[in-house]
Amino acid sequence: MLSLNSHPSGRHFLQIPGPTNVPDRVLRAIDQPTIDHRGPEFGALGRAVLEGAKHVFQTQAPVVIFPSSGTGAWEAALVNTLSPGDRVLMVETGHFASLWKKLAGRLGLDVDYIEGDWRHPVDAAVIGARLAEDTQHRIKAVCVVHNETSTGVTSNIAAVRAAIDRAAHPALLMVDTISSLGSIDYRHDEWGVDVTVAGSQKGLMLPPGLAFNAVSARALAAADTAKLPRSYWDWREMLTANAKGYFPYTPSTNLLYGLHEALAMLQAEGLPRVFARHERHARATRLAVAGWGLELLSLDASAHSPALTAVLLPEGHSADALRKVILDRFDMSLGQGLGKLTDRIFRIGHLGHFNDLTLCGTLAGVEMGLAAAGVPHRTGGLQAAMEFLARTPEGAAA
Ligand SMILES: *Cc1c(COP(=O)(O)O)cnc(C)c1O
């Protein structure tokens, strides 16, 4: 087997905010013979995952599954609902928001971009004001990232919905939940989202390779008149085949086995417990960062991400050098700074298949790495996290 790992023993710590660690149960589920995707057995698998996926989106609406990375689901959301030259309102929360904006521009959409400093969540009041000014209803969609994975900042989607409603604006609401679905509370139906975009490799604990769109009735209606070219991403052919559990082209059969198992795991734990677990681990991580005397990138305490934590290095110190020391010495991968944050931050992923000792191992690796790399800090971050975890059992009010 190809091994690039210079550490022959022990398990690699994959603590980037996606792809995340895949549970053994899921790996075993994937390890089955690939079956005929047009045969009778497949239909049962297809129906089970297409129905089961609705639970994590907290929706009754159809969920479409593409063999693709998350980026494909961004594209699918736009090409199924919009026409060339349509105006879309997007918000610069960080690197991922800027990539979705670039994609929209390449598709020929006219992006109205609300700029941001990459340290704050979406400001629903600014969205509301832009929509109120748009008396001609030229804006066809509002697109926001729920959990901005490049910064560790989570936005309030219910507040965005409320702002759209207050402006009585007909724009569709599209939300990227690629790093929040299955780890941060998210409600497609209750929040009136039209298209939810998701991927397999973060909170869903699967390898990369599946992408999702949850599609509201309004979004489906928009698909009937939307004029952007689409073929591979077309929801209509997909939904026709999905009705019987099948796909219009070859699906990622083995990843769907894995999805079936991951959905069973999330269902068994219960979404409220899953969300509480992520919040508790995020809180412990922030206590560690404070203990080290380092600065969080996220500046708004109400928007700190439950799924990952981005940490700024002291001026003049390299985050990439720190990450290299941690990888070489302790066999742990941490998330790098993306875009304008390159070399300035590192990101600790604490989402997906994760428990107290995974977190303690992760934080121990960071604390040892800070010392080994000569980054000025205080010791005691790990200790602060451990004390919090010990005195706050899962399920207790944090
Ligand atoms: C990971 C991520 C993406 C990109 O997904 P790919 O699977 O790499 O295409 C987009 N948005 C967010 C918020 C992400 O976390």
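**Close-up views of two sheets and their cores**

**View 1. Val142 in the seven-stranded sheet.** In this predicted model, Val142 has Leu173 as its bridge partner in strand 8. Strand 5 (residues 139-145) and strand 8 (residues 172-176) pair in the parallel sense over five bridges, where pairing requires that DSSP finds at least two bridges between two strands, and where strands (E, at least two residues) and helices (H or I, at least four) are DSSP runs numbered from the N terminus. Both belong to an open sheet of seven strands with mixed pairing, in the order 2-10-9-8-5-3-4, whose edge strands, strand 2 (63-67) and strand 4 (110-114), each pair on one side only. Residues are numbered from 1 along each chain as its sequence is written, and side-chain values use heavy atoms, with hydrogens and water left out. Local features need pLDDT of at least 70 and side-chain atom pairs count only at pLDDT 80 or more, whereas totals for chains, interfaces and linings use all residues.

**View 2. Surroundings of Val142 and the largest nonpolar core.** Leaving aside neighbours within four places in sequence, Val142 is in contact (heavy atoms within 4.5 Å) with residues including Leu89, Ile127, Val160 and Met174. The largest nonpolar core, a set of buried Ala, Val, Leu, Ile, Met, Phe, Trp, Tyr and Cys residues joined through side-chain atoms within 4.5 Å, has 91 residues, and those with the most contacts inside it are Ile127, Val142, Met174 and Trp235. Its largest share, eight residues, comes from helix 9 (residues 253-269). Apart from this core lies another, of 26 residues, among them Trp292, Leu334, Val375 and Leu382. Buried here means under 20% relative accessible area, exposed over 50%, and partly exposed in between, with a 1.4 Å probe and protein chains only.

**View 3. The five-stranded sheet and its helices.** Five strands form an open sheet of mixed pairing in the order 1-13-14-12-11. Strand 1 (13-15) and strand 11 (295-296) stand at the edges with a single partner strand each, so one side of each is left without a neighbour in the sheet. Strand 13 (residues 332-336) and strand 14 (residues 345-349) run antiparallel and are joined by two bridges, and Gly335 stands opposite Arg347 in strand 14. Helix 11 (residues 319-330) lies across strand 13 and strand 14, running at about 165 degrees to strand 13; such angles run from 0 to 180 degrees between N-to-C directions, with axes fitted to C-alpha atoms, for helices over the stretch in contact.
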